Amino acid sequence: MPTEKLQIPTPDGQADAFAAFPDDGERHPGVLMYADGFGIRPVLREMARELAGHGYYVLVPNLFYRHGPAPVVELPEYIGEEVRPAITAQLMPLIEAHTSERVLSDADAYLRFLTTRPEVDAGPVAVTGYCIGGLLAMRTAAAHPGQVAAVAGFHGPVGADGPDGLQRLLSTLTAQVHLGHAETDMTPEALGELDHALDAAGVDHTSEIYPGTVHGFTMSDTDAFSAFGLKRHWDRLLPLLDRTLANG
């Protein structure tokens with residue numbers, strides 16, 4: 001599955017990115033994929049290629065392009081317990097600087113770029129994200145209700161803005177939603193409250209805790225990885241895209 005390095009024009013400069021897509025000369029539905037806080041690296045390229053193999057054009061931007069090209073922080077091949085705190089300490093200022101205004105400005109640019117690619121169908125698109133990228137995916141979908149048909153977030157802090165912020169987020173959401181939560185991130189009681197908020201907002205959704213998982217379970221280059229969690233992620237994501245986008 002081919003990948004292509006790209007530069008996405010934004011109001012604040014050029015966001016480096018890559019895309020994975022079928023090499024068949026056809027147009028395919030577009031998917032915007034937001035990385036986790038560790039950013040673009042081999043495991044994200046592998047996941048994008050996997051998704052592209054099911055018939056999608058997958059665009060993965062560098063969230064922290066304002067601070068330099070990816071990888072913005074030097075990463076080891078494997079992110080284990082002994083190095084995670086130091087890496088997280090480097091990344092937190094970048095995450096904190098990524099304000100809601102920046103998120104929405106970038107989302108506009110990313111979707112504009114994605115939907116004008118010659119390899120992408122003219123129909124609706126999907127957005128998916130991991131960790132902080134799950135929250136960005138939800139914000140992107142809420143800001144583009146006529147354009148985003150599906151959104152999925154995995155081990156993402158979708159309730160980070162509190163109950164009022166969550167209510168505002170869901171009030172404009174028209175996409176079908178899947179949220180896959182780590183067992184260590186979400187209690188059954190909190191899941192019930194989130195589901196109630198989704199129901200109250202009339203959001204077509206599935207939302208579940210993946211048993212035995214910890215935060216970051218989709219990422220095979222970290223000590224949080226769960227083979228079960230990654231498989232369930234694909235088992236939920238692929239049918240969602242198949243239902244909402246023109247035949248992937």
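This passage describes the enclosed cavities of a predicted model and the surroundings of Ser207. In this predicted model, local features need pLDDT of at least 70 and side-chain atom pairs count only at pLDDT 80 or more, while totals for chains, interfaces and linings use all residues. Residues are numbered from 1 along each chain as its sequence is written, and side-chain values use heavy atoms, with hydrogens and water left out.

Rolling a probe the size of a water molecule over the atoms shows where empty space is left. A cavity is a set of points, on a 1 Å grid over the protein atoms alone, where a 1.4 Å probe fits but cannot get out; its lining residues have an atom within 4 Å of a point. Two cavities of 30 Å³ or more were found. The largest holds about 60 Å³ (the space filled by probe spheres set on the points, which are joined across faces, edges and corners). Its lining includes Gly37, Phe38, Asn62 and Leu91. The second largest cavity, of about 30 Å³, is lined by residues including Leu63, Arg66, His98 and Arg102. Phe64 appears in the lining of the largest cavity and in that of the second largest.

Ser207 lies in strand E8, residues 205-210 (strands are DSSP runs of E, at least two residues, numbered from the N terminus). Ser207 is buried (under 20% relative accessible area, 1.4 Å probe, protein chains only), with a value of 12%. The side chain of Ser207 forms polar contacts (pairs of N or O atoms within 3.5 Å, one able to donate a hydrogen and the other to accept it) with His181 at 2.9 Å and with Asp195 at 3.4 Å.

Definitions and conventions:
1 Å grid on protein atoms, 1.4 Å probe; cavity = no way out; pocket = protein on both sides within 12 Å on 5 of 7 lines; lining within 4 Å. Helix = DSSP H or I, 4+ residues; strand = E, 2+ residues; numbered from the N terminus. Buried < 20%, exposed > 50% of the residue type's maximum accessible area, 1.4 Å probe, protein only.
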